[in-house]
Amino acid sequence: MSSEQAQQQEDVIRIGTRRSALALKQVDLIMAALSKAHPGAKFKVCPLATLGDRDKVTPLPQMGKGVWTNELEAALVAKEVDFIVHSLKDMPTSVPAGCLLGCVTKREDPRDVVIFNKRHGDKYKTLADLPEGSVVGTSSVRRAAQLRRRYPGLLFKDVRGNIETRLSKLDDEALGYDCIILAAAGLLRMDFGGRISQYLSSGSEGGGMLHAVGQGALGLEVRENDEKMLGLLKAVEDTPTMMACFAERSLLRQLEGGCSVPIGVETAWLDGEEDQEEEGGKKLRIRATVVSLDGKEYVDGEMVQEVASLAQADSLGKKLAQDLVDRGAQKILDAINKVRAGPGAVKLGDLGVNAAAPPAV
């Protein structure tokens, strides 16, 4: 290889990503934004299969943390890729030594949504419309626990796969799902927004539901002290989103939770004078909930604080986490830890009597 060829190869920016259609779509969005900011930049997409991609049978909560990230971070440390594009909600709050969450981009809608089986037609518009015994598909203990709190008559059944697979399972009458719960962001990015029947938030009809930490945001992970990559990615950084997500991640880290623990959050920037939501405002409101597996015990919290730096965002998350602990959240989390099936794992089946049995075939 000539020195000129070697230099050209060195100038190509290698992007690590999962192989799913959604992950690749998200990389396309990042590359388009970076290409606009840096017209001369050249990129190479380096897809990798993570444990979560390879094992499509085991319920996600049983697979522990890092299920979507470990292989990608190993490639980053080994200098096989220059940065990684993550769905931030899938990224553990503690990153490996030598790695850094270097950038968070503008957030897509962070809410969870309800999608009904096509056989229902227009019969149901919201979760509150469903009769007792209806089966809700989700692989998230967080979602199931919060919904059990609000809708104790619903049953829950695990559902795995990419967006297309989950929608197909939902509409397969033999599988018995009445609806499934997914993140709005992935559906919107993949142009499935037309299937959404209800958006869920703290103000939802019938009772609120808070989303996962980092949901709807993309996190770009780099090697620590890689000033070249940090400078390049600055062009796509969205500071309000990054600060809000740092607060969320700090709260989760302090509570030592993960995707398999029922902790929900919701953040919004407020106008200081009228407390109206305003993107990029100076005051950040963070709401959080910790819910027992059966939905019967819960601790809710909310704080508003002026935030102008990542350090202040991190501090806000820690303060709310401590407030939740002081008011009983630790008791709930300790009880959850006792029923873990393995490191970092709480099964949907741990939800007890409201876990739906597989349909007869």
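Contact here means heavy atoms within 4.5 Å. Keep that cut-off in mind for the packing stops below. The model is predicted.

**Stop 1: helix α6**

Select residues 163–171, which form helix α6. Its buried residues are I163, R166, L167 and L170. Look down the helix axis. These buried residues fall within an arc of 100°, so they line one face of α6. Now show what they pack against: α2 (21–37), β5, β8 (179–183) and α7 (184–189). Finish at the N-terminal end of α6, where N162 acts as the cap. A side-chain oxygen of N162 lies 3.2 Å from the backbone nitrogen of E164.

**Stop 2: helix α5**

Go to residues 141–150, helix α5. Nine of the ten residues are buried, so this helix is largely enclosed by the rest of the structure. Colour the buried ones: V141, R142, R143, A144, A145, Q146, L147, R148 and R149. Then pick S140, at the start of α5. One of the side-chain oxygens of S140 comes within 3.3 Å of the backbone nitrogen of R142.

**Stop 3: the open sheet**

Select five strands and follow them in the order β2-β1-β3-β10-β4. They form an open sheet with mixed pairing. Which strands stand at the edges? They are β2 (42–48) and β4; each has a single partner strand, so one side of each is left without a neighbour in the sheet. From one strand to the next, the twist averages 30°.

Strands of a sheet pair through backbone hydrogen bonds, in either a parallel or an antiparallel sense. Both senses can be inspected in the next two selections.

- Parallel: β1 (residues 12–18) and β3 (residues 83–87) are joined by two bridges. Pick G16 and look across to I84, its bridge partner in β3.
- Antiparallel: β4 and β10 pair over five bridges. Pick C103; L220 in β10 stands opposite.

Stay on β4 for a moment. This strand is mostly covered, with five of its six residues buried.

Next, add helix α4, residues 70–77. The helix lies across β1, β2, β3, β4 and β10 (218–223). Its direction makes an angle of about 160° with β3.

**Stop 4: T105**

Step into the loop between β4 (99–104) and β5 (112–116), and select T105. Is T105 buried or exposed? Its relative accessible area is 6%, and buried means under 20%, so T105 counts as buried. Show its contacts, leaving out residues up to four places away in sequence: I30, L218, L220, V236, D238 and T241.

**Stop 5: the nonpolar cores**

Move to the largest nonpolar core, which has 28 residues. Which members touch the most others? L251, L255, I263, V290 and L324 do. The elements giving two or more residues to this core are α9 (239–255), β11 (263–270), β12 (283–291), α10 (310–326) and α11 (329–338). The largest share, six residues, comes from α9.

Centre the view on V290. Not counting residues up to four places away in sequence, V290 touches L255, P262, I263, E297, Y298, V299, L324, A329, I332 and L333.

Last selection: a second, separate core of 18 residues. Its members include I15, I30, F83 and L230. I30 also appeared at the previous stop, among the contacts of T105.

Terms used. Residues numbered from 1 in each chain as written. Predicted model: local features only at pLDDT ≥ 70, side-chain atom pairs only at ≥ 80, totals over all residues. Heavy atoms only, no water. Helix = DSSP H or I, 4+ residues; strand = E, 2+ residues; numbered from the N terminus. Buried < 20%, exposed > 50% of the residue type's maximum accessible area, 1.4 Å probe, protein only. Arc of directions from axis to C-beta. Polar contact = N/O pair within 3.5 Å; in protein donor to acceptor, adjacent residues only side chain to side chain. Core = buried A, V, L, I, M, F, W, Y, C linked by side-chain atoms within 4.5 Å. Pairing = 2+ DSSP bridges. Axes fitted to C-alpha atoms, helices over the stretch in contact; angles between N-to-C directions.
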